[in-house]
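User: I should like to learn how helix packing and pockets are read from a model. Could you take me through some examples?

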Amino acid sequence: MKTLISIALFAATVAGTAMADRVNVASDADVATSVKRLTKAVEMAGARVFTTVDFAAGSASVGESLRPTTVVIFGSPKIGAKALQQGQTMALNLPLRILFFEDANGQTWAIYDDPTAVAPSHGLTADHPAVLAMKGALEKFSAAATGE
């Protein structure tokens, strides 16, 4: 029975992950520069960068190597609170986040999950004003970070 439950949970997790449409944006700069651009754009918009997670530095701390890979977690309660009032489990996807990484060819990418794809699994419609505001913010900030 435990095996059956584990398989069902795994399948639900994979299916949930596949539902989220990923947006990939090529950057004209390296990861560090792209992260700095994002941070500046977020702060200038009056939002807050909560943290930056440098996975390459973490890997190096245990003797492993990893190409530059950084997640920036940011947001604004002005947008998030409105979404959470209707779909409290949306908190699993908030604050917003963008992953920056360098691929094997040296290209830097900004990647994020489209909130309009994620929102329905949390009881929010894809066209909910807060969800659309999140999508707009991610588009705006990823463009600023990548030099679009």
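Analyst: The discussion below treats helix packing, then a pocket, and then a peptide bond, in what is a predicted model.

User: How are two packed helices described?

Analyst: Two packed helices are described by the angle between their axes and the distance between the axes. Here, helix α4 (residues 77–86) packs with helix α6 (residues 129–146) at an angle of about 140°, and the two axes are 8 Å apart.

User: Which term describes how α4 and α6 lie to each other, and why?

Analyst: Angles over 145 degrees would count as roughly antiparallel. At about 140°, α4 and α6 are therefore oblique to each other. Their crossing is left-handed.

User: Which residues make the contact between α4 and α6?

Analyst: On α4 they are I79, G80, K82 and A83, and on α6 they are A130, A133 and M134. By class, five residues of this contact are nonpolar, one is polar and one is charged.

User: At what angle does helix α2 pack with α6?

Analyst: Helix α2 (residues 31–44) and α6 pack at about 135°, with 7 Å between their axes. The two helices are therefore oblique to each other, and the crossing of α2 and α6 is right-handed. From α2, the contact involves S34, R37, L38, A41 and V42, while α6 contributes F141, A144, A145 and T146. This contact of α2 with α6 comprises six nonpolar, two polar and one charged residues.

User: How should a pocket be read, and what is the volume of the second largest pocket?

Analyst: A pocket may be read through its volume, its lining and the classes of the lining residues. The second largest pocket holds about 320 Å³ of space. Its lining consists of 19 residues, and those nearest the centre are G75, S76, P77, I79 and G80.

User: Which elements give two or more residues to that lining?

Analyst: They are β3 (69–75), α4 and α6. Of the elements, α4 gives the most to the lining of this second largest pocket, namely six residues. The lining as a whole divides into 14 nonpolar, four polar and one charged residues. Residues I79 and G80 thus appear in two settings: they take part in the contact of α4 with α6, and they lie among the residues nearest the centre of the pocket.

User: Finally, is the peptide bond from L94 to P95 cis or trans?

Analyst: That bond is cis, with omega near -10°. P95 is placed in the loop between α4 and β4 (96–102).

Notes
Residues are numbered from 1 along each chain as its sequence is written. This is a predicted model: local features need pLDDT of at least 70, side-chain atom pairs count only at pLDDT 80 or more; totals for chains, interfaces and linings use all residues. Side-chain values use heavy atoms; hydrogens and water are left out. Axes are lines fitted to C-alpha atoms, for helices over the stretch in contact, and angles run from 0 to 180 degrees between N-to-C directions. Helices (H or I, at least four residues) and strands (E, at least two) are DSSP runs, numbered from the N terminus. Angles under 35 degrees count as roughly parallel, over 145 as roughly antiparallel, 65 to 115 as roughly perpendicular and the rest as oblique. A crossing is left-handed if the near helix is turned anticlockwise from the far one by less than a right angle, and right-handed if clockwise. Contact means heavy atoms within 4.5 Å. Ala, Val, Leu, Ile, Met, Phe, Trp, Tyr, Cys and Pro count as nonpolar, Asp, Glu, Lys and Arg as charged, and the others, Gly among them, as polar. On a 1 Å grid over the protein atoms alone, a cavity is a set of points where a 1.4 Å probe fits but cannot get out, and a pocket is an open set with protein on both sides within 12 Å along at least five of seven lines; lining residues have an atom within 4 Å of a point. Grid points are joined across faces, edges and corners, and a volume is the space filled by probe spheres set on the points.
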